[in-house]
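Q: Hi! Could you walk me through this one, starting with a single residue?

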Amino acid sequence: VTDADAGDTIASYKWNFGDGSTLETDAPTATATHKYNAPGDYTASVVAVDSRGGESAPKTLQIAVAGPERIVLYGFPNPAATQATFESLLPDGATEPVLTVYALDGRQVFEEELAPGGGGFVWNLRDTAGDLLGNGLYFCVVTARSATGGRIRSEVFRLLISR
């Protein structure tokens with residue numbers, strides 16, 4: 001591959017993925033892969049760099065990254081001793097997210113309405129009445145209303161309390 005204006009050899013490619021991430025690849029590889037960490041619209045670009053350091057005009061591409069198709073829930077630390085932080089990602093258009101925690105015997109021990117767009121929630125490992133929960137395994141789920149009005153839920157997340 002050569003530079004069209006001077007005949008120089010292409011030495012590398014500089015990538016900008018539009019989310020603050022960049023990459024430089026050696027020629028002749030003119031491909032790159034990138035994983036976006038959040039839904040949104042991004043402008044990615046690549047510039048060819050010739051053997052004397054000259055750069056081409058950028059070639060750009062608009063990329064739309066959709067959110068998850070189902071609710072994603074995870075928590076940390078696990079096991080938890082004093083508190084646990086839950087993070088949830090909701091599908092586009094999902095509303096009314098609620099975190100529910102169940103004891104090993106199936107009793108509901110805690111419930112909390114979450115922020116409409118998903119995100120983080122710090123739980124103090126107490127039940128709905130404010131009493132400390134004992135050591136053991138707890139099951140956590142987030143339910144929400146989908147964009148079409150039906151109810152959706154995350155997979156069950158297992159949290160171990162160990163004080």
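**A leucine and some rings**

Q: Is Leu 160 buried or exposed?
A: In between: Leu 160 is partly exposed, because its relative accessible area is 36% (buried is under 20%, exposed over 50%, partly exposed in between, with a 1.4 Å probe and protein chains only). Keep in mind that this is a predicted model, where local features need pLDDT of at least 70, side-chain atom pairs count only at pLDDT 80 or more, and totals for chains, interfaces and linings use all residues. Residues are numbered from 1 along each chain as its sequence is written, and side-chain values use heavy atoms, leaving out hydrogens and water.

Q: Where is Leu 160?
A: In strand S12, residues 157-161 (strands are DSSP runs of E, at least two residues, numbered from the N terminus).

Q: New topic: how many aromatic pairs are there?
A: Seven, counting rings of Phe, Tyr and Trp (its six-membered ring) with centres within 6.5 Å; planes under 30 degrees apart are stacked, over 60 edge-to-face, the rest tilted.
A: Take Phe 86 and Phe 157: their ring centres are 6.2 Å apart and their planes at 85°, so this pair is edge-to-face. Phe 86 sits in strand S6 (residues 84-89) and Phe 157 in strand S12, so the pair ties together parts 71 residues apart in sequence. Both Phe 86 and Phe 157 are buried.

Q: What about Phe 110 and Trp 123?
A: Those rings make a tilted pair, because the centres are 5.3 Å apart and the planes at 35°. Phe 110 counts as buried at 9% relative accessibility, and Trp 123 at 0%.

Q: Which rings form a cluster?
A: Ring pairs link Phe 86, Phe 110, Phe 121, Trp 123 and Phe 157.

Note on methods. Helix = DSSP H or I, 4+ residues; strand = E, 2+ residues; numbered from the N terminus.
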